[in-house]
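Q: I am new to this structure and would be grateful for a close look at a single part of it. Please give one connected account.

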Amino acid sequence: TELLKQVKVLIFVQEEPLEALLKEFFRFHMRAEAKFFYEKKTLIAHLSSVNEFCHIIIIALQGELEEELEFLRQIRSFARESKILAILNYMHHIDIAYYFESGADDIIFKPFTFGELKARLIRLLQEYFLIEKLKK
């Protein structure tokens with residue numbers, strides 16, 4: 001858990017109930033530094049202008065498929081080494097491979113438990129730190 005205090009997370013969310021849930025999660029269950037964004041253009045502007053690294057970017061997607069995939073590609077273009085977790089509504093008719101091809105490292109479907117979210121974030125962090133170790 002000491003390592004988690006050094007982890008930086010950016011979160012894009014537009015739904016108030018999900019925002020409250022994620023704030024509670026990061027305050028009590030993960031204890032990582034989390035910065036919230038509520039507009040796509042604000043997150044993209046932040047990623048493109050600030051020389052600040054983040055380990056994980058969580059994005060809650062709920063719009064039109066092509067628009068959301070383009071948003072994901074934009075995020076990936078500015079945050080090449082960050083791990084991206086996409087939160088999606090369950091959609092049985094959409095091929096989730098599109099999200100991975102556009103830059104997501106993992107996907108979680110709503111509704112989810114804190115345990116499932118924490119497990120996915122820990123796995124992404126393990127992957128991130130393993131890649132960093134291999135670079136050295």
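Is K83 buried or exposed, and at what relative accessibility?

A: The model discussed here is predicted. In it, K83 has a relative accessibility of 7% and counts as buried, because the limit for that class is under 20%. The side chain of K83 meets that of D105 in a salt bridge, with 3.9 Å from N to O. D105 is partly exposed, at a relative accessible area of 23%. K83 belongs to strand 4, whereas D105 lies in the loop between helix 4 (97-101) and strand 5, so the salt bridge ties together parts that are 22 residues apart in sequence. This pair belongs to a network in which salt bridges with shared partners join R76, K83, D105, D106, E116, R120, R123 and E127. The structure as a whole holds 15 salt bridges.

Strand 4 (83-89) also leads to helix 5, since the buried residues of that helix pack against helix 1, strand 3 (56-61), strand 4 and strand 5 (106-110). Those buried residues are L117, L121, L124, L125 and Y128. They cover an arc of only 100° around the axis, which places them on the same side of helix 5. On the other side of helix 5, G115, Q126, K133 and L134 are exposed. Helix 5 has 22 residues, which at 1.5 Å a residue should span 32 Å; the C-alpha atoms at its ends are 32 Å apart, in agreement with that value.

Aromatic rings complete the picture of helix 5. A search of the whole structure finds six aromatic pairs. In one of them, F25 and F114 have ring centres 5.4 Å apart and planes at 50°, so the pair is tilted. This pair links distant parts of the chain, with F25 in helix 1 (residues 16-30) and F114 in helix 5 (residues 114-135), 89 residues apart. F25 is buried, with a relative accessible area of 0%. Ring pairs also link F25 and F114 with F26 into a cluster.

A further pair, Y128 and F129, is edge-to-face, with 5.0 Å from centre to centre and 80° between the planes. Y128 has a relative accessible area of 9% and is buried, whereas F129 is partly exposed at 29%.

Note on methods: Residues numbered from 1 in each chain as written. Predicted model: local features only at pLDDT ≥ 70, side-chain atom pairs only at ≥ 80, totals over all residues. Heavy atoms only, no water. Phe/Tyr/Trp six-rings, centres within 6.5 Å; stacked < 30°, edge-to-face > 60°. Helix = DSSP H or I, 4+ residues; strand = E, 2+ residues; numbered from the N terminus. Buried < 20%, exposed > 50% of the residue type's maximum accessible area, 1.4 Å probe, protein only. Expected span 1.5 Å × (residues − 1). Arc of directions from axis to C-beta. Contact = heavy atoms within 4.5 Å. Salt bridge = Lys/Arg side-chain N within 4 Å of Asp/Glu carboxyl O.
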